[in-house]
Each structure stands twice: as C-alpha cells, then as structure tokens.
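Open the model in your viewer and keep the selection tool at hand. The stops below go one at a time, each with something to select and a note on what is there.

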Amino acid sequence: MAVTIRRLEESDEVENFDCGDEPLNNYLKRHAWTNQQKVSIGVTYTAVDESAPRIVLGYFTLATSSVPRNRLPRKYVRGLPPYDLPLILLARLAVDRRFSGRGLGHALISEALKITLRVADEVGCRCIVTDAYSDKAGWYARYGFLPLEGTAATSPQKMFLDVRTIRRASSIDSFLPERA
Amino acid sequence: MRPTVKSKKAVALTAKVPTARKSKFQADLAPSEDSMVRILKTELQMTSNTDFLTDALALLRWAVSERKRGHHIISESSTGERKILLFPRLERVAPEVTLPHVDIHWTDKELESLAELASGQPADPTDALIRAMRQ
C-alpha cells in the first residue's frame, strides 16, 4: 500500500468511511468539506492509497486557536511572552477500521506534527493540543502528548505537546531501530 | 565576424578550472514506471536517460521554486476548467500553511495546566515522536 496524505478534495469518496465512531464518520461525511472550503474552520487532510486515490482511508483535521493571555493564571504568565498563546488544535484523527493496524495512524499524526512545525516556523505557534478519547490517550502519550489536568470526566481528555519538543525530535539525527 | 582574442593569462586561468565531476544516477524502477519512462521519452523525442533526467530535474526544480514562492501550479483546459496540482512533497515546501482559527472551550483548571506546561521546559521527545518526524 503506497499511502499519500493530502488535503481533502470535493471528489473524495467518504461515504463508506467507517472508523467505528459515528461522530468521527459523520464529521468526514457531512462537515469536513464545508468546514474546509466554505466556512473555513478546519482543514482536513486525508490518507489515500495511490492505487485508489479517491477513497479516504483515514483523516485528521487541524485548526489554529489561541488562549488570551488574561485567561492564563498569573503565576505562569511570567514564563510566557506578553501575547496570547497561539496553538494548533488537532481536532480529529481517525482511520477506517478496515485499514487499521497498517501504520496509517502513525502516518497521519506524523504529517499533522510536520504541518504543526511548519506553521510554527511560518507564523508562530507554541503547542498542539487535542481532545483524546480516554481509550486513545495512551496512543497520543506515545508521541509525547501530555494530559492537561481539569478535564471533566465525561469529556475527552485534553492533551498538550510543546512545539519545542517536536522541533527537537525533528533535529535528532541518532539511529533509532525500526519498531518490530 | 569579429575575431576573439584570448590573452595568455586568460587561457592559463581557464586551464586551471577543474572539470566538474559528473555524478552517476541509478534507480530501481518498477516495470510500470520503466514503461512510463520509455513512453515519455518517445513522446518527448528523447534518446538518452541523461536528457530525460535533466529535463525532469528542471521541471521539478521549477515546481519547487514556484511552491516556495507560494504560487499554485494550475492546469487550464481549453474550456477554462482549472485543476490545481496538489503534490504532497511540493506542499511541504510551500511557505503558507493556512489553517482557520477556532475557539476552544477551556476549564480554568485546564488553562492552569496548559500554562504550567507551556511556560516550563519542553519535555524530551519520545521515540515514537522522533520516528514520526523522520517518516
């Protein structure tokens, strides 16, 4: 399977996408294109196989956001620059369950983090945050996402990854054996 | 025709310039890709792989430079229908990544936790993160 990750296109086939989670399926089928092209509240990137380049195998959605400086606790503000805190929201990430276990999730988050780094380099952002389902928090933690305290028990777990950590990861040149 | 005269000094300087070493390029192509190369060479009336690679390189170099400047590469049909080239590797060199802005609902405790993490020293990258950035 030769996977390509690119922006969602109008002619992409999304109707049969099934990641096992109805809100995530529904977002791709009903809202992703509109949100990207018409109301501009999120850009969706899709993983497709080069042999069937219209069928979406997985996707993630990114948006930018910021936290007003005056909403941050004073005791921490001294360590931050005197501006609102810009960040990237990894709003959604899902893989069609018929294609799970083939490294698509890794490929998708890899691309999301590379885009994050490019945005940080071009316009500035301090971190990437995501809302993780509780059973997926461990998967995000493998990539260094740290859980934020204070998330309500009924809500997805907000998780944080510092852009400086991503940048450091991208500059490490040491040998790492491939995972078995 | 106006005669050109080279001084002895100029000739000597020219002689000292080392000849640029040519690199050899070898690629393993799938049968379908090999067939595609042959078809393209025929269509473009090329006989050598060197000419083919040189032209392909020039085209790719131009595409990269255009995307680096933020220009989109578009084909336009005779009826005015336009298609934008979206080539993932080219998108990586594009300067502008435009992402829309959204508001996030935060609890006070989440903001405190966010501020604490953002104002502190960054964590060391995990092995999975290093692999992701290398992919």
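Select A:T4 and A:V48: A:T4 stands opposite A:V48, which lies in β2(A). This is a predicted model. Widen the selection to the two strands, β1(A) and β2(A), and you have an antiparallel pair joined by five bridges.

Next, add β3(A). Strand β2, residues 43–49 of chain A, runs antiparallel to β3(A), with seven bridges between them. For one of these positions, pick A:T44, whose bridge partner in β3(A) is A:T61. The turn is short to trace, as two residues separate β2(A) and β3(A) in this hairpin.

Move on to β4(A). It pairs with β3(A) over 10 bridges, again in the antiparallel sense. Here A:G58 can be selected together with A:V95 of β4(A), which stands opposite.

Now show every strand of chain A. In what order do the seven strands of the open sheet lie? The order is β1-β2-β3-β4-β5-β7-β6, and the pairing is mixed. At the edges are β1 and β6 (146–147) of chain A, each of which pairs on one side only. Turn on chain B and select its helix α5, residues 108–119: this helix packs on the sheet of chain A. It touches β3, β4, β5 (127–132), β6 and β7 of chain A, and its direction makes about 15° with that of β7(A).

Step back to chain A as a whole. Chain A has five helices and seven strands, and along the sequence they follow the pattern β-α-β-β-α-β-α-β-α-β-β-α. Chain A has 180 residues, of which 41% count as buried. Of the contacts in chain A with a separation of 6 or more, 60% are between residues 24 or more positions apart.

Two helices of chain A come next: select α3(A) and α5(A). Their axes come within 10 Å and cross at roughly 110°, which means that α3(A) is roughly perpendicular to α5(A). To see the contact, show A:L113, A:T116, A:L117 and A:A120 from α3(A), then A:V163, A:I166, A:R167 and A:S170 from α5(A). By class, this contact has five nonpolar, two polar and one charged residues.

The contact between the chains is the next stop. Chain A gives 53 residues to it and chain B gives 36 residues. On the side of chain A that touches chain B, at least two residues come from each of β1 (3–7), β3 (52–67), β4 (85–95), α3 (104–122), β7 (157–162) and α5 (163–171). Which element supplies the largest share of that side? It is α3(A), with 10 residues. Coloured by class, the side of chain A that touches chain B shows 27 nonpolar, 13 polar and 13 charged residues.

For the interior, select A:L62, A:I88, A:L90 and A:F160. The largest nonpolar core has 63 residues, and these four touch the most other members. Centre on A:I88: leaving out residues up to four places away in sequence, A:I88 touches A:L62, A:T64, A:T116, A:V119, A:C125, A:I128 and B:L99.

The last stop is B:Q45, in the loop between α2 (31–43) and α3 (49–68) of chain B. Is B:Q45 buried or exposed? B:Q45 counts as exposed because it has 7 C-beta neighbours inside 10 Å. Check the backbone too: phi of B:Q45 is near 55°, a positive value in a residue other than glycine. Most residues other than glycine have a negative phi.

How values were computed. Residues numbered from 1 in each chain as written. Chains lettered and ligands numbered in written order. Predicted model: local features only at pLDDT ≥ 70, side-chain atom pairs only at ≥ 80, totals over all residues. Core = buried A, V, L, I, M, F, W, Y, C linked by C-beta atoms within 7 Å. Buried ≥ 20, exposed ≤ 12 C-beta atoms within 10 Å, placed from the backbone. Contact = placed C-beta atoms within 7 Å. Helix = DSSP H or I, 4+ residues; strand = E, 2+ residues; numbered from the N terminus. Nonpolar A, V, L, I, M, F, W, Y, C, P; charged D, E, K, R; others polar. Axes fitted to C-alpha atoms, helices over the stretch in contact; angles between N-to-C directions. Parallel < 35°, antiparallel > 145°, perpendicular 65-115°, else oblique. Pairing = 2+ DSSP bridges.
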